[in-house]
Amino acid sequence: MRRDLKGRRVLLTGASSGIGLCIARLLAADGARLALAARSEDKLRALAEELQAKGADAFAIRADLTNDDERRRLVDEAAAHLGGLDVLLNNAGIGSWAHFADGTEDILRRIMEVNFFAPTELIRLAIPHLTQGEQPAVMSVASMCGRKGMPAWSEYSASKYALCGFIEAMRGELARFDIDVLAVLPGLTKSELAQHLLKSEGRYPIDYSKAMPPERVAETVVWALKKNKTETVVGKDARWLLRFNRLFPRLTDWLIARRVKKLYA
């Protein structure tokens, strides 16, 4: 199946920067009608105005996705403005780069709220609208950490693993409504996630200069949505690691553990 995005009514979270901003521009270029959600109202409105100036149907809704009332308001406003929903695109996320023993319960709960509870509850709220949509779909931007947990990304990995498991369950549940459930799993990306980490104390040297640009991830997200791809891994390093882990899981764990031991020797 090929999904035509022209005129499709899309609710996009985390739209004000990084991958989400790039996704919004690509969707608008393809003629999608957009409800753009994020916490940064100024950036969000600037993006909506930019897209409107190019002839797109786009409007901004500031919302804290960790608040149930604001999630409900977001979905209701988006559906009312667009006349329904065809696609829910969960992109918002946060992270922490530090070992779990050095973290806090608050960090774990905040990450789970944004990366897991927010997208899953948005899906619950969107289902009644999507059942009436055209070629309806739920797409979530997860992470390679949702298939292989990584040291110093423990809370982040847990949230993305939970999201990937939920997505798999939803594929079966939502099939009776003909709602497609899709996921994109990026590797290391030059996004604003790295600039807004709740904690940044990991010792492994991360070279963000070699990370993927957000435009590449966004292009893959839109491509996967059009092609209706169930799960897509983005980035050569991510594909290599996940493939190696499937073939040699114990060796992968041993190599990672050896590296961590050297960092803390």
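This section describes the sheet of a predicted model, the helices packed on it, and helix α7.

The sheet is open and consists of 7 strands with parallel pairing, arranged in the order β3-β2-β1-β4-β5-β6-β7. The edge positions are taken by β3 (58–62) and β7 (231–234); each has a single partner strand, so one side of each is left without a neighbour in the sheet. On average, neighbouring strands are turned by 15 degrees against each other, direction ignored. Within this arrangement, β5 (residues 137–141) and β6 (residues 180–186) are joined in the parallel sense over 5 bridges, and valine 138 is found opposite valine 181 of β6.

Two helices that contact the sheet were examined. Helix α6 (residues 214–227) touches β4 (87–90), β5, β6 and β7, and its direction makes about 165 degrees with that of β7. Helix α3 (residues 68–82) lies across β1 (9–13), β2 (33–38) and β3, and runs at about 165 degrees to β3.

Helix α7 comprises 12 residues (236–247). The distance from its first C-alpha to its last is 17 Å, close to the 16 Å expected at 1.5 Å a residue. Ala238, Leu241, Leu242, Phe244 and Asn245 are the buried residues of α7. Viewed down the helix axis, these buried residues fall within an arc of 160 degrees and therefore line one face of α7. They pack against β7 and α8 (249–263). On the other side of α7, the exposed residues are Lys236, Trp240, Arg246 and Leu247.

Notes
Residues are numbered from 1 along each chain as its sequence is written. This is a predicted model: local features need pLDDT of at least 70, side-chain atom pairs count only at pLDDT 80 or more; totals for chains, interfaces and linings use all residues. Side-chain values use heavy atoms; hydrogens and water are left out. Two strands pair if DSSP finds at least two bridges between them. Helices (H or I, at least four residues) and strands (E, at least two) are DSSP runs, numbered from the N terminus. Axes are lines fitted to C-alpha atoms, for helices over the stretch in contact, and angles run from 0 to 180 degrees between N-to-C directions. Contact means heavy atoms within 4.5 Å. The expected span of a helix is 1.5 Å times one less than its number of residues. Buried means under 20% relative accessible area, exposed over 50%, partly exposed in between (1.4 Å probe, protein chains only). The arc is that of the directions from the helix axis to the C-beta atoms.
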